[in-house]
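Student: I would like a close look at the side chains that sit against aromatic rings, and at what surrounds them in the chain. Please take it slowly and explain each term when it comes up.

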Amino acid sequence: QVQLVESGGGLVQPGGSLRLSCAASGSIFSTKTMAWYRQAPGKQRELVATITAPGFTNYADSVKGRFAISRDHAKNTVYLQMNSLKPEDTAVYYCNVVRYSSGRHYPEGSWGQGTQVTVSS
């Protein structure tokens with residue numbers, strides 16, 4: 001079972017940047033697709049970005065061109081670089097291990113505590 005700890009959130013002005021980190025424990029990290037999700041108040045959790053073990057990435061349309069997901073296998077860590085932030089990016093951000101089936105990604109691990117990102121002037 002992989003344990004996940006997110007960090008790096010905070011308060012940032014519109015147009016600003018943040019880099020989130022997700023530290024994973026467990027030896028299976030290097031073989032799994034990882035993902036970042038977010039959940040805004042009153043809304044369902046949504047998939048933001050995924051990265052496969054070799055490094056192939058995919059993004060939600062709402063963040064394409066602004067966010068970049070990456071991973072460091074040596075550090076068992078996944079990152080989310082967020083640029084040109086907008087108020088609508090305000091949410092709690094979570095990472096998770098995912099599997100791909102029938103055109104969708106499904107979270108497989110336990111959810112961590114997440115990290116709050118607030119974009120406001």
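Student: Which residue lies over the face of Y79, and at what distance from the ring centre?

Tutor: The residue is R19, placed over the face of Y79 at 4.2 Å from the ring centre; such a contact requires NZ of Lys or CZ of Arg within 6 Å of the ring centre and within 35 degrees of the ring normal. Please keep in mind that this is a predicted model, in which local features need pLDDT of at least 70 and side-chain atom pairs count only at pLDDT 80 or more, while totals for chains, interfaces and linings use all residues. Residues are numbered from 1 along each chain as its sequence is written, and side-chain values use heavy atoms, with hydrogens and water left out.

A second arginine is placed in this way: R45 lies over the face of W111, 3.9 Å from the ring centre. W111 also takes part in ring contacts, and the structure holds two aromatic pairs (rings of Phe, Tyr and Trp, the last by its six-membered ring, with centres within 6.5 Å; planes under 30 degrees apart are stacked, over 60 edge-to-face, the rest tilted). Y37 and W111 have ring centres 5.1 Å apart and planes at 90°, so this pair is edge-to-face. It joins distant parts of the chain, 74 residues apart, since Y37 is in strand β4 (residues 33-39) and W111 is in the loop between β10 (104-107) and β11 (115-119); strands here are DSSP runs of E with at least two residues, numbered from the N terminus.

Y37 counts as buried at 6% relative accessibility, whereas W111 is partly exposed at 34% (buried is under 20%, exposed over 50%, partly exposed in between, with a 1.4 Å probe and protein chains only). Y94 and W111 form an edge-to-face pair as well, with 5.8 Å from centre to centre and 75° between the planes. Here Y94 in strand β9 meets W111 in the loop between β10 and β11, 17 residues away along the chain, and Y94 is buried at 11% relative accessibility. Ring pairs therefore link Y37, Y94 and W111 into a cluster.

Strand β9 (residues 91-101) also holds C95, which a disulfide bond ties to C22 in strand β3 (residues 18-25) across 73 residues of chain. The sulfur atoms of C22 and C95 are 1.8 Å apart, where a disulfide is a pair of cysteine sulfur atoms within 2.5 Å. With 60° about the S-S bond, the link is right-handed. C22 counts as buried at 0% relative accessibility, and C95 is buried at 0% too.

Strand β3 belongs to an open sheet of four strands in the order β1-β3-β8-β7, with antiparallel pairing (two strands pair if DSSP finds at least two bridges between them). Its edge strands are β1 (3-7) and β7 (67-72), each pairing on one side only. Strand β7 pairs with β8 (residues 77-82) in the antiparallel sense over six bridges, and D72 has T77 in β8 as its bridge partner. The loop between β7 and β8 contains N76, whose phi is positive, about 50°, although N76 is not a glycine. Most residues other than glycine have a negative phi. N76 is partly exposed, with a relative accessible area of 22%.
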